[in-house]
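The following report walks through a two-chain model, moving from one local site to sheets, helices, cores and the contact between the chains. It is meant to be read with the coordinates open alongside.

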Amino acid sequence: MNIVYVDLDRCVACRNCQLECSFRQAEITRDDGANIWVQVDLDHRAIFTSTCLQCETAPCLAACPAGGLTRDPATRAVVVDRNACLGCGMCLLACPFGHIHLEQAGRVASKCDLCGGDPRCVRVCMAQALHFGDVEELAEARRERSGRRLAVRATHREEAAS
Amino acid sequence: MIRAVPVLPDGRVRTLCRMCDSRCGIEVHIRNSVLADITPAPDNPGNQGRLCPRAHAALDLFYHPDRIQTPLKRTPNGAFEPIGWDQALDEIAGRLKAIVDQSGPPAVGAWKGEGVGFFQQEGYIRRFIRALGSPNYFSNDSVCFNGRWLGHHLVNGFWNPFPYFDQADLILLFGSNPPVCHPPFLREFADARVRGARLVVVDPKLNPIGCWADVYAQPRPGTDAALIWGLIRLVIESDRYDHDFVDRYVVGFEKIAAYAQRFTPEYVEAESGVWADVVRTIGDLIVRNRPRVSLYAGAGLEHHPGGVNTVRASVILSCLAGAMGRPSGLFWPESPRLASLDSRNLFLENGGRPIGADRFPVLAQMAGEGHSLSAVNAMLDSGEHRLRSLLVMAANPAVTNPNVLKVREALSRLDLLVVSDFFLTPTARLAHYVIPGATFLERTELHVHPKYQTLYLAPQVVRVDGIPTGYELWRDLAGRLGLAEWFPWPDETAVIRHLLEPGGWTIDDLTAHPEGIQYAPLRFDRCLNEPLPTPSGKVEFASQYLKNLGLDEIPEYRPPEAFLPASPEFPLTLITGARKSLLYHSRHGNIDRFRRVHPKAEAEMHPDDARNLGLENGDTIRLVTAGGALIVAVRIVHAAEIRPGVIELYHGWEEAPANLLTLDEVNDPISGFPWLKGVPVRVEKI
């Protein structure tokens, strides 16, 4: 299945994704909390960006007591049914990654729904750090990358020694 | 609601985004005659199917409820009343004619801003003012861009601001925040980084791009030139620069080699605060990664009185690093064979020298424009050289020029101020007449992207009855002043046909290729095979031209104290002009969803400084400089985010203009730039 995945080696923390997501949330819910988060740790000069992984065995889905979360048959995304959601917050507690939040205005859960299959965060990622595709693609890119990185590191080490 | 007539009732129109100068490919979606969405065009090499959130704001601007849709005339009680198009132009032309008859054409000036676009729009304005017989063309470029443009042109005669970063082994960013200012750079940076390229970021403010760098250096504002000279010294000392290049192409190497001697890493540390070891590390990275070095000088380098020299030094460093003639470095793009709407040389021959040419001859001679800060003085002048009338095209100097109180006073004294814009900006509110401005969606215009040597036709997407395109305004005004022969084309399409003539292209050719036509093959080594457009035809590390004008032959470093002696009255340093991601200078503050992200003006401060001043986050402070004072909230940032002793304030807030604090009378002697970054400041708790 396709998910939004983050290639952290490419993310420059411009926050376009988070802004665009919050604009979309505001269009549909009058709440502008985003469902993709860019974290910049200035103590360690580190960047970490993450969003819902649409887990195959989704703890949020299992934890929901009200049928407020369902799996979209078309996109396979776990989506919130705003009418059924109680706002109990069980899914927030169940998500191991903190990828669900509670809307401030509506008091219902809010999470990434892949924008129905055309995620806007990906569209605004100028660095091409965000991709919409099969998670296996990410893994493949990672494999390729780590091999290359080892080679680059070796070159840098040689340079430093010379 | 605006009376919009899209070119199609349903479908997509392919064009270029002009919300900034990156010119990304976009598709505008039209549904039921409504502009519904803007999505990235799939095959533009710059944005490659992605688009920053500012692009979509073109629709917010287009449909904005506050948009001016009819000419406005200021009434004696200060309110504006809508008037008809013909009445507006008749009255403006009548008053212009009277001023020209009484005081001569130079009493009229034109001022271009970035609000409506670039290139072709600038051509119309330059052409109009020349037709009128006045040399007084001004622009926003005289407080941004021209410093870098001159710095590059003085050394090697060209400037391509868009190198191929993805082909670099080392990228050095000085005073630039590309994730906000140049979004298309990001893909190239990421490609380079993933390939193993190194990144060095030099900026008093730690932006996220600095978190991504191998080396981040946080200099004292205004001392970048000391660091650059230190790096020049290290590269020369390493003896790993290209001797053959220096022998064949360079004028003045010995002079810069001798001058560089004093810039030891320890001296650089004492001047800039960047540790000597960090200076050595950066020097080492340059030497190891030459010649594939991309050095990008951002606006941070030009916004102070030593700006042009700093940029010149950065170009010299690039040359010594072997960047000349390489895609990742300095290359000289070719221009397409287009007819010109205005030649800068003719402009100068016709009607004498523009205002400011006596003080800043380089700006007038090379950029072909007057000095906008001197123009403000000329408006306040009571003598025979008073500037009496100004035609402002989508510029907002009442917010974005330094010393805004003086600017507002000057604009208020004009006998005729005409402003064309989308909204009643603080500048437009001072106007006698306001003309509704067309957004880029309403115009057909040519664009040239020098990086790809591509020519584009960006077609009109929508027409709005009653809002003139840029061309129509100047054509109709010129016609009423008896200058119709200067604007003989009936519409923009005819103008474009005229522009395309020398190159033999047709509108159909360009329409058939919305992805653009490459007008000449890229020859990155052109600058090594043809004489350069400098006085000597070579790379001018030393400039006889500047020396003859009594200016610095080589780009000497001067510390900020050389421009304004250090004073205990102003113990801290103010930097302005760092961008916000969704705002564009003074624009877009009226888009609600953007405003929620950037709700209010805040001065950013280091926690140590806040502690010393007894300030808590959100406290109200008064900032005081030699130029003025401003009351604003304080935001205490992370200790790593800003250099201690430095306060940062965004420059585009209408309600809290940083330009109350900036200094218009302390200028770069070459570009005439004001002091916008590194201004001595005092903070008072209130």
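## A loop residue in chain B

Asp21(B) sits in the loop that runs between β2 (11-16) and β3 (25-31) of chain B. The model is predicted, and this applies to every feature described here. Asp21(B) counts as partly exposed, because 15 other C-beta atoms lie within 10 Å, and a residue with 20 or more would count as buried whereas one with 12 or fewer would count as exposed. Although Asp21(B) and His449(B) are 428 residues apart in sequence, their C-alpha atoms are 9.8 Å apart in space.

## Strand pairing in chain B

How many of the residues of strand β7 (residues 108-112) of chain B are buried? Five of the five are, so β7(B) is largely enclosed by the rest of the structure. Val108(B), Ala110(B) and Lys112(B) point one way from the strand, while Gly109(B) and Trp111(B) point the other way, and all are buried. β7(B) pairs with strand β14 (residues 389-393) of chain B, where Gly109(B) stands opposite Leu390(B). β7(B) also pairs with strand β8 (residues 137-139) of chain B, and there Trp111(B) stands opposite Phe138(B).

Four strand pairs of chain B are set out below.

| Strand pair (chain B) | Sense | Bridges |
|---|---|---|
| β7 (108-112) and β14 (389-393) | parallel | five bridges |
| β7 (108-112) and β8 (137-139) | parallel | three bridges |
| β9 (170-174) and β10 (198-202) | parallel | five bridges |
| β24 (620-624) and β27 (677-685) | antiparallel | four bridges |

The pair of β9(B) and β10(B) belongs to an open sheet of four strands, ordered β11-β10-β9-β13 (chain B), in which the pairing is parallel. The edge strands of this sheet are β11 (215-217) and β13 (293-297) of chain B, each of which pairs on one side only, and the twist from one strand to the next averages 10°. Between β9(B) and β10(B), Leu172(B) stands opposite Val200(B).

Elsewhere in chain B, six strands close into a barrel, in the order β22-β26-β23-β25-β24-β27, with mixed pairing. In this barrel the twist averages 45° from one strand to the next. Where β24(B) pairs with β27(B), the bridge partner of Arg622(B) is Glu684(B) in β27(B).

## Helix packing and the nonpolar cores

Helix α8 (residues 224-238) and helix α10 (residues 253-260), both of chain B, have axes that come within 9 Å and cross at roughly 110°. This makes α8(B) roughly perpendicular to α10(B), because angles of 65 to 115 degrees are classed in that way. The contact brings Trp229(B), Ile232(B), Arg233(B) and Ile236(B) of α8(B) to Ile256(B), Ala257(B) and Ala260(B) of α10(B); by class, these residues are six nonpolar, no polar and one charged.

Ile232(B) reappears in the largest nonpolar core, which has 216 residues, and where Ala58(B), Ile171(B), Ile232(B), Ile316(B) and Val418(B) touch the most other members. α8(B) gives the most to this core, with nine residues. Leaving aside residues up to four places away in sequence, Ile232(B) touches Ile256(B), Ala260(B), Ala313(B), Ile316(B), Leu317(B) and Leu320(B). Apart from this core lies another, of 28 residues, among them Ile636(B), Ala658(B), Leu661(B) and Val679(B).

In helix α18 (residues 404-413) of chain B, the buried residues are Val404(B), Lys406(B), Val407(B), Arg408(B), Ala410(B) and Leu411(B). These buried residues of α18(B) pack against α16 (372-380), α17 (397-400) and β15 (416-421) of chain B.

## Chain A and its contact with chain B

Chain A has five helices and eight strands, which follow the pattern β-α-β-β-α-β-β-α-β-β-α-β-α along the sequence. The C-alpha trace of chain A spans about 65 × 30 × 25 Å along its principal axes, and 35% of its 162 residues count as buried. Among the contacts in chain A with a separation of 6 or more, 60% are between residues 24 or more positions apart.

Between the chains, 27 residues of chain A are in contact with 32 residues of chain B. On the side of chain A that touches chain B, the elements giving two or more residues are α1 (16-29), β3 (46-51) and α5 (135-161) of chain A, and α1(A) gives the most, with five residues. By class, this side of chain A has 16 nonpolar, two polar and nine charged residues.

Key: Residues numbered from 1 in each chain as written. Chains lettered and ligands numbered in written order. Predicted model: local features only at pLDDT ≥ 70, side-chain atom pairs only at ≥ 80, totals over all residues. Contact = placed C-beta atoms within 7 Å. Nonpolar A, V, L, I, M, F, W, Y, C, P; charged D, E, K, R; others polar. Axes fitted to C-alpha atoms, helices over the stretch in contact; angles between N-to-C directions. Parallel < 35°, antiparallel > 145°, perpendicular 65-115°, else oblique. Core = buried A, V, L, I, M, F, W, Y, C linked by C-beta atoms within 7 Å. Pairing = 2+ DSSP bridges.
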